[in-house]
Amino acid sequence: MSSTMQRASQTSLIRSNLAWFFLAMAFLYIFYTNILLSDNGKDCPVNATNLSAKENTERIESITNLSSTSITSKVEGKKEEEIVKMLPQRSQGHDTELKHIVFGIAASSNLWETRKEYIKVWWRPRVTRGVVWLDKRVKVRKGEELPKIQISENTSSFKYTNRQGKRSALRISRVVSETLRLGMKDVRWFVMGDDDTAFIVENVVRVLAKYDHRQFYYVGSSSESHIQNIFFSYSMAYGGGGFAISYPLAKELAKIQDRCINRYPALYGSDDRMHACMAELGVPLTKELGFHQYDVYGNLLGLLTSHPVTPLVSLHHLDVVQPIFPGMTQVKALGHLLDSAKFDSASLLQQSICYDAERFWSITVSWGYAVQLMRGVMSPRELEMPTRTFLNWYQRADYTAYAFNTRPLMRHPCQKPFVFYVSKIRYDPVRKQTIGIYYRDKASSPYCRWRMDSPEKLESVVVFKTTDNLRWQKSPRRDCCRVLPSKKISSMYLWVGNCQEGEISELVQEQTL
């Protein structure tokens, strides 16, 4: 019994000691935990919600300063070249110059004697770079200021099954690739065009300088003909109007183009073959409305006097339409238009709209080309819409045939526009402005019974304009136009330039007291 009692007393003693031990450990844990929390609270950030706005600001500034100091200390030991590599490289697309662009011109030996005259008008010897690609050799006269002539490679091995088209489409579709293989240096862009395409080269540069030439770009525009776009594609650049391909894309195209061409023997032309290859490469068309295919017939007046608010890049089908200036050959008329471009290529054909409040006239200026005066007041929404002075590609007067809005010719004799075509432009260094003189077209005007002043009394319109070479580096906007005082009954004076704050195209009449 005594041994049993002894074991029981030992057991109870152990239990009591264990209880005190755990209580002591718990006390020590709580004690040291409080000490640690109180010490860490001095250095650890406090919840921002419990701080004042000032304390929050001070803490944010201290963290920012610590971060910047840390980054600076890490970078100090590195070489300058390594630092540059870490930073994102600046796009070189904005410093593209004319020397970086190579033109590939598709031509035919049968039409060479007439078509080469168009090339002479816009080509700049020893400045522009490019090649004319012909199907066979032609006579070259000494001293002719033309691009270098090359003969296209043989394409007889490629299939062509389209009954309406011509096999020359195969040859023309390879112009960019063959130009690439010539190995020209310092090329950023290849621009394709036909022998009856005229380029405004400064505006080609302005448009392409917006894009990074190191990326894949296929730049151009669709046709003016809705039916043509339906038949071919709204996503296709039309080669006559011209299109541009960046150098890296041209390299990729050259690798696959021959295989691509063989997959599409039934296609009609060269531009739809190019489009098919672009689709295989997965590169969409980047549209620039300044490339003009001009799939129309007749008089381009309505289109040229209502040009979109974008640089004029090209004109095509000059053999099909009437001369753009009356009384001239088409070649001379084209040269006359490009004479205006020498003074302000960025503003060529750009439309301005204003009103003569005293005589209730509507006025549109297509700078460097023509001024139109109309009796009565027409809204800018109407005036910026092309008048149908032209026919569609199928020589029909069908307003549904175009890929843009148009307005009909005015039937009322009093609403017929009076057209003043540019005669000459000069630069005035005193005013620092261009001065353009536009003379009225002598075509007879129909009799009008309206009892209001007639523009028929005017012989000329003088347009003053300040050149703005940086206009396309800003958001697009039409120039504004103002009627200036004139002491001559036979002349009207206009000012055209950047709109002032709050200035719009509206008829403003002086209020009489």
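In the predicted model, helix α12, formed by residues 330-344, lies across strands β15, β16 (433-440) and β17 (460-465). The helix runs at about 45° to β15. These three strands belong to a closed barrel of 8 strands with mixed pairing, in the order β11-β12-β13-β15-β16-β17-β19-β18. From one strand to the next, the twist averages 25°.

Within this barrel, strand β13 (residues 370-375) and strand β15 (residues 418-428) run antiparallel and are joined by 4 bridges. Leu373 stands opposite Phe418 of β15. Phe418 has a relative accessible area of 5% and is therefore classed as buried, the cut-off being under 20%. Beyond its neighbours within four places in sequence, Phe418 is in contact with Val371, Gln372, Leu373 and Arg375, and also with Arg440, Ser445, Ser454, Pro455 and Glu456. Of these contacts, Ser445 is separated from Phe418 by 27 residues in sequence, while the C-alpha atoms of the two residues are 8.0 Å apart in space.

Helix α9 comprises 16 residues (247-262). The distance from its first C-alpha to its last is 23 Å, close to the 22 Å expected at 1.5 Å a residue. A bend of about 55° occurs in α9 at Ile256, and Ile256 is itself among the buried residues of the helix. The other buried positions in α9 are Pro248, Leu249, Ala250, Leu253, Gln257, Cys260 and Ile261. The buried residues of α9 pack against three helices, α5 (168-173), α6 (175-180) and α10 (270-281), and against strands β4 (189-194), β6 (218-220) and β7 (243-246).

Note on methods. Residues numbered from 1 in each chain as written. Predicted model: local features only at pLDDT ≥ 70, side-chain atom pairs only at ≥ 80, totals over all residues. Heavy atoms only, no water. Pairing = 2+ DSSP bridges. Helix = DSSP H or I, 4+ residues; strand = E, 2+ residues; numbered from the N terminus. Axes fitted to C-alpha atoms, helices over the stretch in contact; angles between N-to-C directions. Contact = heavy atoms within 4.5 Å. Expected span 1.5 Å × (residues − 1). Bend = angle between axes of the 7 residues up to and from the residue. Buried < 20%, exposed > 50% of the residue type's maximum accessible area, 1.4 Å probe, protein only.
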